[in-house]
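Subject: Structure for you to look at

Hello,

Here is the structure I promised to pass on. Please open it and keep it beside this email as you read.

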Amino acid sequence: MNSVDVAIQDIQTNQRMCRACNQPITDRYVLKALDSFWHEGCLKCACCECRLGDIGSSLYCKSNLILCKRDYLRLFGIPGKCSQCSKPIAAFELVMRARENAYHIECFGCQMCRKRLVVGEAFCFHDNKVLCLDRCAKKAQDAIVKVNDKLTLKTIKSSAKALKTN
């Protein structure tokens, strides 16, 4: 990711020109990014037009676009793939994880009975599948005893986590 820091500087004696509007900056503070100076209201995301100085100290620049993190990831992020539905997971989407697998929040559930699992609910992971403890883990455990395999018990410990694509 090509992240660029945004610095707020105190202008005391030198007058600066804004890169976006090409007008002098007479405010006490000025944003400095990409080796240029900007009015606070002029440094905006090319997609959503949010004021980048208001949402943090980073911006992203690619293909001559100045972007906020969300739009950068939406446009250029490498998507993951949901282990349940096999559809792409955008880099900025929230996901549920079980081992190395990532799931859309709406796809995370028992892969036998289709019961949706929620944060704090215990589940089993067997043969790369999420199983609820209500009834499906018992069925799987009966089958496991016959083949001498292990059933791994997990609990969903936190709410959705952002998918990291770095």
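Below is what was found in it, topic by topic.

Confidence comes before anything else. This is a predicted model. The mean pLDDT of the protein chain is 76. Of its residues, 74% reach 70 or more. Two stretches fall below 50. One is residues 144–153, which has 19 contacts in the model beyond near neighbours in sequence. The other is residues 155–166, with 39 such contacts. Where pLDDT is low, the predicted coordinates should not be read in detail.

Now the cores. The largest nonpolar core has 19 residues. Seven names are worth finding on screen: Ala 98, Tyr 103, Phe 108, Leu 117, Phe 123, Phe 125 and Val 130 touch the most other members. Several elements supply at least two residues each to this core. They are strand S11 (94–98), strand S12 (101–104), strand S13 (122–126), strand S14 (129–132) and helix H3 (136–147). Try Ala 98 as a starting point. Leave aside its neighbours within four places in sequence, and Ala 98 is in contact with Tyr 103, Phe 108, Phe 123, Phe 125 and Val 130.

Another core lies apart from the largest one. This second core has 14 residues, including Leu 67, Tyr 72, Leu 73 and Ala 91.

Helix H2 comes next. It spans residues 69–76. Its buried residues are Asp 71, Tyr 72 and Leu 73. What do they pack against? Strand S7 (58–62) and strand S8 (65–67). Tyr 72 and Leu 73 also belong to the 14-residue core.

Then the cysteines. A disulfide is a covalent bond between the sulfur atoms of two cysteines. How many disulfides does a search of the whole structure find? Zero. Why does Cys 45 not form one? The closest cysteine sulfur, in Cys 48, is 3.8 Å from the sulfur of Cys 45, and that is too far for a bond. The cut-off is 2.5 Å. Cys 85 fails likewise, because its sulfur is 3.7 Å from the closest one, in Cys 82. Burial is worth checking too. Cys 45 counts as buried, at 2% relative accessibility. Cys 85 counts as partly exposed, at 30%.

Last, a loop residue. Arg 28 sits between strand S4 (24–25) and strand S5 (29–33). Is Arg 28 buried or exposed? Arg 28 counts as exposed, because its relative accessibility is 53%. Its C-alpha atom is separated by 10.0 Å from that of Gln 15, 13 residues away along the chain.

Best wishes

Key. Residues numbered from 1 in each chain as written. Predicted model: local features only at pLDDT ≥ 70, side-chain atom pairs only at ≥ 80, totals over all residues. Heavy atoms only, no water. Buried < 20%, exposed > 50% of the residue type's maximum accessible area, 1.4 Å probe, protein only. Helix = DSSP H or I, 4+ residues; strand = E, 2+ residues; numbered from the N terminus. Contact = heavy atoms within 4.5 Å. Core = buried A, V, L, I, M, F, W, Y, C linked by side-chain atoms within 4.5 Å. pLDDT = per-residue confidence, 0-100.
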